[in-house]
Amino acid sequence: MRFEVTSSQGRARVGRLHTAHGVVDTPAFMPVGTLGAVKGIGPLDLAALGAQVMLANLYHLTLRPGIEVIEELGGLHAFTGWPGVLLTDSGGYQVFSLAELREIDDQGVRFRNHLDGSPVALTPESVVRSQERMGVDIAMVLDECPPWPVEADVAAASLERTTRWAQRSREAHSIAATALFGIVQGSFYPKLRERAADSLRALDFDGYAIGGVSVGEPPRLGRSTVEQVGALLPEDRPRYLMGLGTPADLLHGIRNGMDLFDCVLPARNARHGLLYTRDGEIRIKNARYRDDPRPVDEACSCPVCGSTSRAFLHHLMRSREITAAVLATTHNLRFYLDFVADLRHALASGDFEDSAALIAECYAADDPGGQLS
RNA sequence: GGAGGAGUGGCCGAGUGGUCAAUGGCAGCAGACUGUAAAUCUGUCGGGCAAAGCCCUACGGUGGUUCAAAUCCAUCCUCCUCCA
């Protein structure tokens, strides 16, 4: 993997990430396909929308269909038919989201499989090995993602473990075609974040992620952490803000030097009837859209906005028609991908602050403390 | 003609003397969702008001018993089943 920064404005930057399965223009939004596909859209359609990277999840793929099956079928690219770059998350997020179903110690994490209760063990080493076996382009280390609130001493102990795991992950990494990213934890304690960034830098990862954000904290804390950690990460490596976020979160992240983003929001919200437009969010199931002949977003380039009214989407969504999810997902992902592409182009041409101001206006409600403007 | 059964809030459907403006579900109205246990979950859901309270209207119609009726009695209306 090779990463180059081609232009920058303030701390925001434009870059190119070269991987075994193609190039990624950064800043990039990466749709989340936990089980190997983004819910509601096929891999080729997703690529046609402009997505260059898709996420998948090692914990989930380990349970079903199993790493062996994926390996036998030629790796995760061949198995899923996804033509672009693949990044897998390690299961660190499930340490947070499935907290009631797991136990954690220095060795690793033991889950009670959420499907049938059977035990599943992940260790830093097994996680790196499994991601390499699937042949993904970017692998994430196993980390512990603590919820908020958490006491400082608990967060510190958690971080020490995550740091030891990062060391072990680094040592376990053996296949160059699969890049390995470290993850900065440390909850919302600046000293812990600083310590985390220092120790990860010393391990010389291919890229660096900020994890443990949007875990129940007040939005201002998340924002300030991104600002702080963004300044601590190496300039010459891709920076990945894990799990975020809203359009406003992306703008804030880009402004603070982030290159990669992933989030389930555009896809999940689409399924739940919340659509993004250049004038803000709309809840398409609301009665007001019953006979609205306009497209979801006049300025949107997606195939749905080119052919479909809000009224029709409203009808399909209320009827719980599966196509409603497909169309809404198509639109929202295109919106996100265009959103980031527009900022990328604005950055490259020097118009970033103008674009940012426009976005901040549309998504003011999403802007705790007004950091965007 | 005879025998039995049933009519409850927009719909379906509980409730069989007071704790019932009436369980549930659906529909409706709105909200949440951030490295996906999520095509999920939550709130609301007769009307009015100076609104954690009060008033009005409500369980097919009418009348009655009772301190008190969706619940008991009489009668009428409608529907269903079976027998002639």
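Colleague: By class, how many nonpolar, polar and charged residues does the surface near RNA strand B have?

Modeller: A residue is near a strand of RNA if its C-beta atom, placed from the backbone, lies within 6 Å of it. Ala, Val, Leu, Ile, Met, Phe, Trp, Tyr, Cys and Pro count as nonpolar, Asp, Glu, Lys and Arg as charged, and the others, Gly among them, as polar. Here the surface near RNA strand B has 21 nonpolar, 16 polar and twelve charged residues.

This is a predicted model: local features need pLDDT of at least 70 and side-chain atom pairs count only at pLDDT 80 or more, while totals for chains, interfaces and linings use all residues. Residues are numbered from 1 along each chain as its sequence is written, and chains are lettered from A and ligands numbered from 1 in the order in which they are written.

Colleague: Which residues come nearest to RNA strand B?

Modeller: There are 49 residues around RNA strand B, and C145, G243, G245, V264 and A287 come nearest. The elements that give two or more residues to that surface are β5 (53-57), α5 (92-97), β14 (260-263), α11 (265-271) and α13. Helices (H or I, at least four residues) and strands (E, at least two) are DSSP runs, numbered from the N terminus.

Colleague: In which order do the three strands of the open sheet lie?

Modeller: Two strands pair if DSSP finds at least two bridges between them. Here the order is β1-β2-β3, with antiparallel pairing. At the edges are β1 (2-9) and β3 (22-26), each of which pairs on one side only. Between β1 and β2 (residues 12-19) there are seven bridges, and G15 in β2 is the bridge partner of V5.

Colleague: How many helices and strands does chain A have?

Modeller: Chain A has 14 helices and 16 strands. Its radius of gyration (taken over C-alpha atoms) is 20 Å, close to the 21 Å that the globule rule gives for 373 residues, so chain A is as compact as a globular protein of that length. The globule rule is 2.2 Å times the number of residues to the power 0.38. The C-alpha trace of chain A spans about 60 × 45 × 40 Å along its principal axes.

Colleague: Why does P149 count as partly exposed?

Modeller: A residue is buried if 20 or more other C-beta atoms, placed from the backbone, lie within 10 Å of its own, exposed if 12 or fewer, and partly exposed in between. P149 has 13 C-beta neighbours inside 10 Å, so P149 counts as partly exposed. P149 lies in the loop between β10 (138-140) and α7 (152-172). In chain A, buried residues make up 50% of the 373 residues.
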